[in-house]
Amino acid sequence: MKRVLSFLAAAALLLAGCRAEPPAASDSADSDLISVGICQVGAESDWRVANSESMKATFTEENGYQLYFEDAQQKQENQFRAIRRFIQQQVDYIVLMPITETGWESVLQEAREANIPVILVDRMVDVEDETLYATHIGSDFTREGEIAMEWLEKKYPDETPVSILHIQGTMDSSAQTGRTVALEQALQRHPNWTRLASLNGDFTQAKSYEVVRDFLAQQPTPPTLDVVYCENDNEAFGTIQALEEAGYTCGEGGVTVISFDATRNGLSLCQQGKILLEMECNPLLGPLVEEAIQALESGETLPRQQYVGEASFTPEQVTDTLLEQRAY
Ligand code: GZL
């Protein structure tokens with residue numbers, strides 16, 4: 001069913017004092033475009049920028065879509081406002097990249113009452129009623145962390161003490177909770193592994209540089225650091241800068257840096273040997289979301305969960321060709 005912003009609805013919004021954008025030319029009543037409201041987390045990382053670019057490249061007018069794209073600047077309340085705007089605009093579909101897992105019931109119920117299917121992308125929401133969304137397309141973050149821990153267990157196979165600094169992503173986001181759970185389960189298995197601290201890097205380079213710099217400055221003597229577990233590449237960039245400024249060497253014979261996303265910049269540091277394990281997290285989800293929308297248009301029911309395939313990289317696997325061909 002095609003819905004476009006009707007003149008009456010716009011008038012009602014104006015009378016109610018809401019901000020009703022006048023219908024754009026392409027919102028004409030006979031539009032046969034499928035209108036898609038995309039509610040993005042922000043632009044906090046290379047991964048996020050690539051994810052947004054994938055969505056914008058997919059949902060074009062040439063491909064048959066009217067795209068409404070909102071960047072929430074990493075605030076959940078902005079995501080709530082964006083979804084309510086999409087409902088007022090009577091879009092056909094809402095695509096939500098939820099910044100954190102909790103607090104979504106009421107706004108998702110409003111979308112359901114407006115008969116607008118919601119497709120969850122990337123991170124997950126924690127809701128009792130799973131019918132509040134049509135499907136989730138994203139990564140298995142706990143599995144990503146488990147693969148990283150399996151690699152680390154091979155690197156440190158014996159009972160030698162291992163000191164670990166943990167740089168966490170945006171707290172309560174499923175990317176953070178999944179990757180953290182995997183580390184915590186490994187710490188339970190290895191009493192000789194010690195987590196010195198968990199610092200909140202919020203998936204950004206600036207915050208990670210700041211918290212690692214301050215952590216090191218607060219130590220009476222420079223701590224022995226065997227491993228730094230960064231929950232995304234931008235955290236690794238900031239962390240490596242702070243470590244090197246403090247005199248640490250990252251790589252074989254120095255600090256073992258583990259990172260997630262496997263962006264081109266992250267893989268470049270891996271090729272240089274500064275990141276010893278890159279766990280891929282695929283941001284190029286636009287085509288999968290379009291497949292889901294086309295399936296819903298055809299009346300199909302979607303699986304509740306659709307995980308995307310991902311790889312891992314160590315320095316010897318990162319070739320110049322791989323870097324040149326990297327889409328993000
Ligand atoms: C993971 C995604 C995370 C990335 C970060 O799917 O939610 O958010 O790992 C991004 O780079 O900020």
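**How far is an oxygen atom of the ligand from an N or O atom in the side chain of Asp 122?** The distance is 2.3 Å. This is a predicted model, in which local features need pLDDT of at least 70 and side-chain atom pairs count only at pLDDT 80 or more, while totals for chains, interfaces and linings use all residues. Residues are numbered from 1 along each chain as its sequence is written, and side-chain values use heavy atoms, with hydrogens and water left out.

**View 1. Surroundings of the ligand.** The ligand is surrounded by 13 residues (each with a heavy atom within 4 Å of it), and the closest are Glu 44, Asp 122, Arg 123, Asn 232 and Asp 261.

**View 2. Polar contacts of the ligand with Glu 44 and Asp 261.** A polar contact here is a pair of N or O atoms within 3.5 Å. A polar side-chain atom of Glu 44 lies 2.6 Å from an oxygen atom of the ligand, and for an N or O atom in the side chain of Asp 261 the distance to a ligand oxygen atom is 2.6 Å. Of the 320 Å² of accessible area that the ligand has on its own (Shrake-Rupley method, 1.4 Å probe), the protein covers 100%.

**View 3. The largest cavity.** A cavity is a set of points, on a 1 Å grid over the protein atoms alone, where a 1.4 Å probe fits but cannot get out, and its lining residues have an atom within 4 Å of a point. The largest cavity has a volume of about 90 Å³ (the space filled by probe spheres set on the points). Among its 14 lining residues, Trp 47, Arg 123, Arg 179, Phe 203 and Asp 261 lie nearest its centre.

How values were computed:
1 Å grid on protein atoms, 1.4 Å probe; cavity = no way out; pocket = protein on both sides within 12 Å on 5 of 7 lines; lining within 4 Å. Polar contact = N/O pair within 3.5 Å; in protein donor to acceptor, adjacent residues only side chain to side chain.
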